[in-house]
Amino acid sequence: MPELPEVETIKNGLIPALVGRRILKASLPWPGQVRRPSPDQFRQDIVGRVVEGVRRRGKYLILDLSGPLTLILHLKMTGCLLVRPWDASPLPHTRAILCLDNYTGLNFVDQRKFGGMWLVEDEKEVIGRLGIEPLDRSFGADVLRKLLLSHDVPVKPLLCDQMIIAGIGNMYADEALFEARIHPERRTRQLKPGECRRLYQAICHVLVEGIARCGASVSTYQQPDGEPGFAHLFFRVAHRRGEACYRCETPIRRIALRGRGTYFCPRCQRA
Ligand SMILES: [Zn+2]
């Protein structure tokens, strides 16, 4: 699933392609991609709107449109947003196309159909309950420590809880915990001040690096121009089951933690 670095990269790619462009038409080969309002209403309401800005909040993309409405998108497991010419032959699994006034279209391609679009007046309806942005100034080592101490759960699921911290998912949580040398099942309340500080620095570091490397193409993720990212080539534990730890050469382990594949080094990250 695309996480903060992937969605941020997509945002950066969409800004030059979309801002200032007028939406001429919405075509919905699979109307279920529209969550709000009805697909017919969506088609009607979006026509003629100019894209005034593109933002990210957690793993959501937000398109500020002229007029009162805002378009919010979530890519979930397999969603991709690709900017392609009108006359390009459609890709398999294209669920929606927003045709723009420069002969290109924003194509929402989504093999598993879990992604969604919301066209709303008040963005809070969709993203109002998200947790803190980990790269925001308001987030710091002390804030993280308070969040960790106010819960008594394994640390990895807390990092992935979008209502607590928005944007971190499976891959970057594993990477941050490895860098901070913390076992993913450690209880949050038992983490020492030094560990909380290391974890804060590791979170910022892996996210910033992920953005600099244009995201991780371990699954279907692509940038809006169809190029892959290359952050996964630098992963130290995520998706490296059985391979040697770069720090100590112990084979990387994979366990299921609350149903999610979790990679760690059993020697560098002791329970
Ligand atoms: Zn190791």
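The largest nonpolar core, a set of buried Ala, Val, Leu, Ile, Met, Phe, Trp, Tyr and Cys residues joined through side-chain atoms within 4.5 Å, has 30 residues in this predicted model. Buried here means under 20% relative accessible area (1.4 Å probe, protein chains only). Leu148, Val155, Leu159, Ile165, Tyr172, Leu199 and Ile203 touch the most other members. At least two residues of this core come from each of α4 (141–149), α5 (155–160), α6 (170–180) and α7 (193–212); helices (H or I, at least four residues) and strands (E, at least two) are DSSP runs, numbered from the N terminus. A second, separate core of 28 residues includes Leu14, Leu63, Leu75 and Met117.

Within the helical part, the axes of α4 and α7 come within 9 Å and cross at roughly 115°. Axes are lines fitted to C-alpha atoms, for helices over the stretch in contact (heavy atoms within 4.5 Å), and angles run from 0 to 180 degrees between N-to-C directions. On the α4 side, Ala141, Leu144, Arg145 and Leu148 make the contact.

Turning to the strands, an open antiparallel sheet has the order β1-β7-β8-β6, where two strands pair if DSSP finds at least two bridges between them. Since β1 (23–27) and β6 (79–85) stand at the edges with a single partner strand each, one side of each is left without a neighbour in the sheet. Helix α1 (residues 4–18) lies across β6, β7 and β8, at about 25° to β6.

Residues are numbered from 1 along each chain as its sequence is written. Local features need pLDDT of at least 70, side-chain atom pairs count only at pLDDT 80 or more, and totals for chains, interfaces and linings use all residues, while side-chain values use heavy atoms, leaving out hydrogens and water.

Methods. Buried means under 20% relative accessible area, exposed over 50%, partly exposed in between (1.4 Å probe, protein chains only).
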